[in-house]
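Please open the model in your viewer and keep the selection panel at hand. The stops below each begin with something to select.

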Amino acid sequence: MENNKTIKKINMELLEGSGKASYADGDIIVFDNVRDDHIHNLVQLDIVMMCYCAKGRIQLTINDKEYTATAGDFIICPPNTILDKIMISPDYDCRFIGLSHSAIQRSLHVSKNMWNMILYIAKNPVIHLSEERRPLVHQYYELLSLKLGQTQHPYYKEVMQSLFQSIFYELCSIIQPHITETTMETGLKQGTLLFKRFLKLLSQSDGRERSVSRFADELCVTPKYLSTVTKIASGKTALQWIHEHVTETISRQLRYSDKSIKEIADELNFPNLSFFGKFVRMHLGMSPTEYRKKIEKEEL
């Protein structure tokens, strides 16, 4: 990639704000085509992107690797994927579907097998459908096209969400046979990688985030799965790691900064001084004021 380019993040808010979606409900968004300017060169996805190519050809770079999709192919990209050098044929016809992190987590329980599937997609973002699968997937495409025009249906949102869920499960059934023993072994190794990524995010948070769910969303896994992997890799849960990191940050601020206790609480995103005081007392065994006095005595 060219270093002088600016990476633009593509998220739900940006896409919905474009006003060009055929459907949007906060968790799912659909576009009839990707040639519009809201999907441009060098973007980083903050959504799960699925794109079915009904006709024509698209060539693009996904995480520095070049891929080509033609009629009957699916492109699936998890969050944090970087797209670049997008070239589309004049006759290109596709359906673009974006899913939020929460939409995926509500649809599927992230088991070990699902994690392996995500790993496979990350390495193989273009899914070439077999001749047997193409008619069924194209029927989904036609059904989606039909339902997009039936906005007056009394249960429109419920029907659309069920349809998207069916499409996603259908894709999972297509991908499942490709999950080999080698992929599963890689998946076990990826547990360690996930733990390292979690620690990196934890470090970058500077003690401002205390929710396992928020870190899990960033990593596109469930909180339960993140805690399980973290426990296996380190012997401690994700919440224990978070609390230890926040406690160390608070201790450092109280010891080395001249900031008031309120300033520290505000900087670390605590809702109020009372909540901050309870957290400090629980993890340091005394109030913030008492802790500072203790440090002052130790330094005399």
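Begin by selecting strand β5 and strand β8 (residues 73–77): the two run antiparallel and are joined by 4 bridges. This is a predicted model. Within the pair, Cys51 has Ile75 of β8 as its bridge partner.

**Stop 1: β5 and β10**

Keep β5, residues 48–55, on screen and add β10; these two strands are antiparallel as well, and 7 bridges join them. Two bridge pairs are worth labelling. Met50 is partnered by Ile97 in β10, and Tyr52 is partnered by Arg95 in β10.

How much of β5 is buried? Of the 8 residues in β5, 7 are buried, so the strand is largely enclosed by the rest of the structure. Now colour strand β10 (residues 93–99) by accessibility: β10 is mostly covered, with 6 of its 7 residues buried.

**Stop 2: the whole antiparallel sheet**

Select strand β3 (residues 28–31) next. β3 pairs with β10 in the antiparallel sense, over 4 bridges. Ile29 is the residue to label here, as it stands opposite Gly98 in β10.

Now show the full sheet. It is open, has 6 strands with antiparallel pairing, and follows the order β2-β3-β10-β5-β8-β11. At the edges are β2 (23–24) and β11 (126–128), each of which pairs on one side only.

Then add helix α4 (residues 134–148). This helix lies across β2, β3, β5, β8 and β10, and runs at about 75 degrees to β10.

**Stop 3: cysteines**

Select the cysteine side chains. How many disulfides does the model contain? The count is 0. In general terms, a disulfide is a covalent bond between the sulfur atoms of two cysteines.

Cys53 is in no disulfide, and its nearest cysteine sulfur is that of Cys51, 7.1 Å away. Because the cut-off for a disulfide is 2.5 Å between sulfur atoms, a separation of 7.1 Å does not qualify. Is Cys53 buried or exposed? Cys53 counts as buried, at 1% relative accessibility.

Move to Cys77, which is also in no disulfide. For Cys77 the nearest cysteine sulfur again belongs to Cys51, at 8.9 Å. With 0% relative accessibility, Cys77 counts as buried.

**Stop 4: the mixed sheet**

Hide the previous sheet and show the strands β1-β4-β9-β6-β7, given here in sheet order; these 5 strands form an open sheet with mixed pairing. The edge strands are β1 (8–10) and β7 (65–70), and each of them pairs on one side only. Neighbouring strands of this sheet are turned against each other by 35 degrees on average, direction ignored.

Zoom in on β1 and strand β4 (residues 43–45). They pair in the parallel sense over 3 bridges. Label Ile10 in this view: opposite Ile10 stands Leu45 of β4. As background, strands of a sheet pair through backbone hydrogen bonds, either parallel or antiparallel.

**Stop 5: the loop at Ser89**

Select Ser89, which lies in the loop between β9 (82–88) and β10. Ser89 is buried, with a relative accessible area of 16%; the cut-off for buried is under 20%. Draw a distance from the C-alpha of Ser89 to that of Gly56: the two residues are 33 apart along the chain, and their C-alpha atoms are separated by 6.0 Å.

**Stop 6: α9 against α11**

Select α9 (238–256) and helix α11 (residues 273–284). Their axes come within 10 Å and cross at roughly 105 degrees. The helices α9 and α11 are therefore roughly perpendicular to each other, since angles from 65 to 115 degrees count that way.

Show side chains at the contact. From α9 the contact uses His243, Val246, Thr247 and Ile250, and from α11 it uses Phe276, Phe279, Val280, His283 and Leu284. Sorted by class, the contact has 6 nonpolar residues, 3 polar residues and no charged ones.

**Stop 7: Ser260**

Finish with Ser260, found in the loop between α9 and α10 (261–267). Where does Ser260 fall on the scale of accessibility? Ser260 is partly exposed, with a relative accessible area of 32%. Add Thr289 to the view: Ser260 and Thr289 are 29 residues apart in sequence and 9.8 Å apart in space, C-alpha to C-alpha.

Note on methods:
Residues numbered from 1 in each chain as written. Predicted model: local features only at pLDDT ≥ 70, side-chain atom pairs only at ≥ 80, totals over all residues. Heavy atoms only, no water. Buried < 20%, exposed > 50% of the residue type's maximum accessible area, 1.4 Å probe, protein only. Pairing = 2+ DSSP bridges. Axes fitted to C-alpha atoms, helices over the stretch in contact; angles between N-to-C directions. Parallel < 35°, antiparallel > 145°, perpendicular 65-115°, else oblique. Contact = heavy atoms within 4.5 Å. Nonpolar A, V, L, I, M, F, W, Y, C, P; charged D, E, K, R; others polar.
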